[in-house]
Amino acid sequence: MSGTEIHPFERMIVIISRLVNDGEVVATGTLSPIPAAGVLLAKNRHAKNILCMIYGDPKLRITDGLHEFFGLAHRGMLDLFFLSGIQIDRLGNINLSVVGDYENPKLRLPGGAGSNMLGMMAKRIILFTLTHDTRLFVPRVDFINATAKDETVPWRRGMLSHIVTPMAQLKYDVDSGAVVLDATLPGYSVEDIRNNTGFDLGVKGRYIPEVDPITEEELSVLRGLVLSELRQIYPLFCDMIWGS
């Protein structure tokens, strides 16, 4: 990758970083190099007062693994957490368990791994996906591991905030109770994104902007300070994107 070329995952990292608010307590779980990089980028730029806990970081002062993450979430100490799914639907439900019928699925996956609890107990959830197509964004998920919002659960603290994909920034619209298109990423039109999403994105009558361009300063910090730190946590991912 040349110095001026921007990798699609770098765009996602920058978009995620912009969604992190200064002062938040932020955590990322397993297999989450893109959110981890986004959090580190935010901390090295506009959100210097966040407390970030990146699972797998050798400097992280957590000794009991995910159990401690879960404990912090139970106590209402997590402001922001990141999840993903094999399917995501219009209501913001995510599926990490099966594709097809539960008893006779086309594909059976490891399961939610605490996503339901974290989706309820963290104050905000941002979903991230490595692809954007109609197999992922479906009208209705085949199995619900976590919901975007559920007012029938009185102790639920938070809800879905945004979804970041290689094509778009989506958001959860509280008024309609559905996922809508928030902004396009460079190289993709609203029509491209609609054609690759299996449900209505609520664009009728709305102006959908393109995200602000990535600045040279954002890219410089990402490829400098953030990359140096991220290599200690996700070396294979860093080699794949930026080389060894």
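Modeller: Two strands are said to pair if DSSP finds at least two bridges between them. The model before us is a predicted one, and strand β1 (residues 25-28) offers a case: two bridges join β1 to strand β3 (residues 80-83).

Colleague: In which direction do β1 and β3 run relative to each other, and which residue in β3 is the bridge partner of Ala-27?

Modeller: The two strands run parallel. The partner of Ala-27 is Phe-81.

Colleague: What is the strand order of the sheet, and which are its edge strands?

Modeller: The sheet is open and has seven strands, in the order β2-β1-β3-β8-β10-β11-β12, with mixed pairing. At its edges lie β2 (51-54) and β12 (178-184), each of which pairs on one side only. From one strand to the next, the twist averages 25°.

Colleague: Let us turn to helices. How should one read the pattern of buried residues in helix α7?

Modeller: The general idea is that an α-helix has 3.6 residues a turn, so residues three or four places apart point the same way. In α7 (residues 235-242), the residues Phe-237, Cys-238, Ile-241 and Trp-242 are buried. Viewed down the helix axis, these buried residues fall within an arc of 100°, so they line one face of α7.

Colleague: Which exposed residues does the face turned away from the buried side carry?

Modeller: That face carries Leu-236 and Met-240. Just after the helix, Gly-243 takes a positive phi of about 85°.

Colleague: Against which helices do the buried residues of α7 pack?

Modeller: They pack against α1 (8-18), α2 (33-43) and α6 (216-230). For α1, the axis comes within 10 Å of that of α7, and the two cross at roughly 120°. Angles of 65 to 115 degrees count as roughly perpendicular and those over 145 as roughly antiparallel; the crossing therefore makes α1 oblique to α7.

Colleague: Which residues of α1 and α7 meet?

Modeller: From α1, Phe-9, Glu-10 and Ile-13 meet Phe-237, Met-240, Ile-241 and Trp-242 of α7.

Colleague: One of the buried residues in α7 is a cysteine, Cys-238. How many disulfides does a search of the whole structure find?

Modeller: In general, a disulfide is a covalent bond between the sulfur atoms of two cysteines. Here the search finds zero disulfides. For Cys-238, the nearest cysteine sulfur is that of Cys-52, 15 Å away, whereas a disulfide requires the two sulfur atoms to be within 2.5 Å.

Colleague: What is the relative accessible area of Cys-238?

Modeller: The value is 0%, and Cys-238 is buried.

How values were computed
Residues numbered from 1 in each chain as written. Predicted model: local features only at pLDDT ≥ 70, side-chain atom pairs only at ≥ 80, totals over all residues. Heavy atoms only, no water. Buried < 20%, exposed > 50% of the residue type's maximum accessible area, 1.4 Å probe, protein only. Helix = DSSP H or I, 4+ residues; strand = E, 2+ residues; numbered from the N terminus. Arc of directions from axis to C-beta. Contact = heavy atoms within 4.5 Å. Axes fitted to C-alpha atoms, helices over the stretch in contact; angles between N-to-C directions. Parallel < 35°, antiparallel > 145°, perpendicular 65-115°, else oblique.
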